[in-house]
Amino acid sequence: MIKFFRKIRLNFLSEGKTGKYFKYAIGEIVLVVIGILIALSINNWNEDRKSANNTKLLFQKTLEELKFNIDKANAAVAYFRYQDSVYYDIFNKKVTKDIYKDIANGYANLLISGRVVQLSDDTFQKLLNSEQKLTQKQDSLLSKLKLVYGKDKAEVDIFDAKLPDYVFDLHKTYKDEKSWYPDFISLRSIRDDMTDYFLTDPEYISNAAYFYSMFPGQQNSSLKKFRSQAIIRYSELSNYLNIIPDTTILKDLINYKHFLGTYKKGNLTLNIKEEANSLIQTVITDDNSTTILTGKLYLDSKSYFTDRLNFGRLIYDNDNRVTGIEYTRGGLKFILEKIN
């Protein structure tokens, strides 16, 4: 092809058609420039397509990481629920020596063990540090994810970091001060003087109150706040990616209609209603002058739930009808009767 164009130019020169030669040469240059521009355009389009695919893949991986973290949060909240029931027994002096001596139930281990959550943000960091060009929608999603990971996860991480230090210090204290400690650690033997310490020493109740306030209390509260925001972002990201969300995360409320209704205790009335694909609880006084509590319920199962502060469960009769609702937090427990 190049030889063909060169032959045309030489013919123009040999025939003395200089004007036509220059016009042809200019046209040929224009064609070359257009060809280069087209090639660059195709290359840029390919690069943009690759960039868009890479960015979409990062968002998909971030969606998977959100699900992973929500699952971890659910497991940790379930662990805190069990701990909460143990603390209720301890604070209300419902624990006996035999209960403490049953090493399998974990009562004796309560203050010298714990659970760090260890939420992941590896994929989010890759998305955050990616140099790919984002669309306006993607930039908006990323900004919201920054709040979840930069603020809500950071609060959970703080308590993750504090827990090992607290447990280590208590182990050291028991090692230095309690003669029963070596037998408990090395032989898994619970001596009578150990159970006496649990049952009668004010120091143990004081340590238990502190541990509860820090971890099943504040750490759990921070974790539930992270989970709540992560679920919202999970929903938005699923919708953007046109991916069907996991129903264990975004629950179909058709299966939870039995939560709805009015519950009562003394001068307090609790209403649970469905609003914007969530179950919303409101506690008011009888004269409707004061709202005590309002907020979403997180549905752990068809019987168990949590709200911002409490663990809750539904109470059933022998015919499997809901007759009441129970809330617990530390040493507190209150039950409301369902009236409709």
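What follows is a chat between a student and a tutor about a predicted model of a protein.

Student: Before anything else, what is the average pLDDT of the protein, and which elements score lowest and highest?
Tutor: The protein averages a pLDDT of 87, and 83% of the residues score at least 70. Among the elements, helix α1, which covers residues 2-14, has the lowest mean pLDDT at 53, whereas strand β7, residues 311-316, has the highest at 97.

Student: And how should I read the coordinates where pLDDT is low?
Tutor: Where pLDDT is low, the predicted coordinates should not be read in detail.

Student: OK, on to helix α4, then: which residues are buried there?
Tutor: Helix α4 runs over residues 122-129, and in this helix T123, F124 and L127 are buried.

Student: Where around the axis do those buried residues of α4 sit?
Tutor: They are on the same side of α4, because together they cover an arc of only 100° around the axis. On the other side of α4, the residues D122, K126 and N129 are exposed.

Student: Changing topic to the strands, how many bridges join β1 to β2?
Tutor: Five bridges join strand β1, residues 261-265, to strand β2, residues 268-275, and the two strands run antiparallel. To find your place in this pairing, you can look at G261, which stands opposite I272 in β2.

Student: What about the hairpin of β1 and β2, how many residues are between the strands?
Tutor: There are two residues between the strands in that hairpin, and G266 takes a positive phi near 60°.

Student: Which way do β2 and β3 pair, parallel or antiparallel?
Tutor: Strand β3, residues 278-285, pairs with β2 in the antiparallel sense, and this pairing extends over eight bridges. Here E274 stands opposite L279 in β3. These two strands also form a hairpin with two residues between them, and A276 in the turn has a positive phi of about 50°.

Student: Now for salt bridges: how many are there in the model?
Tutor: The count comes to 23 salt bridges. One of them joins the side chains of D152 and K151, with an N to O distance of 4.0 Å.

Student: Are those two residues buried or exposed?
Tutor: D152 counts as buried, because its relative accessibility is 6% and the cut-off for buried is under 20%. K151, with a relative accessible area of 45%, is partly exposed.

Student: Which residue does E155 form a salt bridge with?
Tutor: E155 forms a salt bridge with K225, and the closest N and O atoms of this pair are 3.1 Å apart. The pair links distant parts of the chain, since E155 lies in helix α5, residues 136-177, while K225 lies in helix α8, residues 202-241, and the two are 70 residues apart. Both count as partly exposed, E155 at 24% relative accessibility and K225 at 33%.

Student: What other salt bridge links distant parts of the chain?
Tutor: K178 forms a salt bridge with E203, the closest N and O atoms being 3.5 Å apart. K178 is in the loop between α5 and α6, E203 is in helix α8, and 25 residues separate the two. K178 counts as buried at 16% relative accessibility, whereas E203 counts as partly exposed at 30%.

Student: Which residues are joined into one network by salt bridges that share partners?
Tutor: That network consists of K151, D152, E155 and K225, which are joined by salt bridges that share partners.

Notes
Residues are numbered from 1 along each chain as its sequence is written. This is a predicted model: local features need pLDDT of at least 70, side-chain atom pairs count only at pLDDT 80 or more; totals for chains, interfaces and linings use all residues. Side-chain values use heavy atoms; hydrogens and water are left out. Buried means under 20% relative accessible area, exposed over 50%, partly exposed in between (1.4 Å probe, protein chains only). Helices (H or I, at least four residues) and strands (E, at least two) are DSSP runs, numbered from the N terminus. The arc is that of the directions from the helix axis to the C-beta atoms. Two strands pair if DSSP finds at least two bridges between them. pLDDT is the predictor's confidence in each residue, from 0 to 100.
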